[in-house]
Amino acid sequence: MDWDVTQVHVVNDCTLHVSFRDGIAGLVHFEATFFSGVFEPLRNSVQFRTAQVVDGYVTWPSSNVDLAPDAMHDAIKANKEMVLK
């Protein structure tokens, strides 16, 4: 799929830079309020910095959560970034 993530780089403790198969790339910003529920462990900067790409998804190995690549792709294509609140 065009929206498969091919690369992820941690910019800081709450921002990722992602690249997609079709060449679209941009930032994903995490607001503090996003780090709740299943995403609570990512509040820890060490954990957040373990982001990686697995099968086209951004995921964190020890937390078993991932981000929907299609929604990220749409937001980044339209706005050059996605803000998760």
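How many bridges join strand E1 to strand E2, and in which sense do the two strands run? In this predicted model, six bridges join E1 (residues 5-12) to E2 (residues 15-20), and the two strands run antiparallel.

## The four-stranded sheet

Strands E1 and E2 belong to an open sheet of four strands, arranged in the order E1-E2-E3-E7 with mixed pairing. The edges are formed by E1 and strand E7 (81-84); each has a single partner strand, so one side of each is left without a neighbour in the sheet. From one strand to the next, the twist averages 20 degrees. Helix H2 (residues 69-79) packs on this sheet and touches E1, E2, E3 and E7. The direction of H2 makes about 125 degrees with that of E7.

The mixed character of the sheet can be followed from pair to pair. E2 pairs with E3 in the antiparallel sense over five bridges, whereas E3 pairs with E7 in the parallel sense over four bridges. Strands of a sheet pair through backbone hydrogen bonds, in either the parallel or the antiparallel sense.

## Strand register and hairpins

Individual residues give the register of each pairing. Between E1 and E2, Gln7 stands opposite Ser19, and Asn12 stands opposite Thr15. A hairpin joins these two strands through two residues.

For the next pair, Val18 stands opposite Gly26 in E3. The hairpin of E2 and E3 has four residues between the strands, and within this hairpin Gly23 takes a positive phi near 95 degrees. In the parallel pairing, Phe30 of E3 stands opposite Leu84 in E7.

## The aromatic cluster

Which residues do ring pairs link into a cluster? The members are Phe30, Phe34, Phe35, Phe39, Phe48 and Trp60. The count of aromatic pairs comes to eight. In one of them, the rings of Phe30 and Phe34 have their centres 5.6 Å apart and their planes at 65 degrees; planes over 60 degrees apart count as edge-to-face, so this pair falls in that class. Phe30 counts as buried at 4% relative accessibility, and Phe34 counts as buried at 15%.

Phe30 also pairs with Phe48: the ring centres are 5.1 Å apart and the planes lie at 85 degrees, so this pair is edge-to-face as well. The contact links distant parts of the chain, with Phe30 in strand E3 (residues 25-30) and Phe48 in helix H1 (residues 45-48), 18 residues apart. Phe48 is buried, with a relative accessible area of 0%. Phe30 thus appears both in the sheet, where this residue stands opposite Leu84 in E7, and in the aromatic cluster.

## Salt bridges

The whole structure contains three salt bridges. In one of them, the side chains of Asp4 and Arg21 meet at 3.4 Å, N to O. This pair links distant parts of the chain: Asp4 lies in the segment before E1 and Arg21 in the loop between E2 and E3, 17 residues apart. Are the two partners buried or exposed? Asp4 is buried, with a relative accessible area of 15%, whereas Arg21 counts as exposed at 52% relative accessibility.

A salt bridge also forms between the side chains of Arg49 and Asp13, at 2.8 Å, N to O. Arg49 lies in the loop between H1 and strand E4 (52-54), and Asp13 in the loop between E1 and E2, so the pair ties together parts that are 36 residues apart in sequence. Arg49 is partly exposed, with a relative accessible area of 44%, and Asp13 counts as partly exposed at 38% relative accessibility. Arg43 forms a salt bridge with Glu40, in which the closest N and O atoms are 3.3 Å apart. Arg43 is partly exposed, with a relative accessible area of 45%, and Glu40 counts as partly exposed at 38% relative accessibility.

Definitions and conventions
Residues are numbered from 1 along each chain as its sequence is written. This is a predicted model: local features need pLDDT of at least 70, side-chain atom pairs count only at pLDDT 80 or more; totals for chains, interfaces and linings use all residues. Side-chain values use heavy atoms; hydrogens and water are left out. Rings of Phe, Tyr and Trp (its six-membered ring) pair if their centres lie within 6.5 Å; planes under 30 degrees apart count as stacked, over 60 as edge-to-face and the rest as tilted. Buried means under 20% relative accessible area, exposed over 50%, partly exposed in between (1.4 Å probe, protein chains only). Two strands pair if DSSP finds at least two bridges between them. A salt bridge is a side-chain nitrogen of Lys or Arg within 4 Å of a carboxyl oxygen of Asp or Glu. Axes are lines fitted to C-alpha atoms, for helices over the stretch in contact, and angles run from 0 to 180 degrees between N-to-C directions. Contact means heavy atoms within 4.5 Å.
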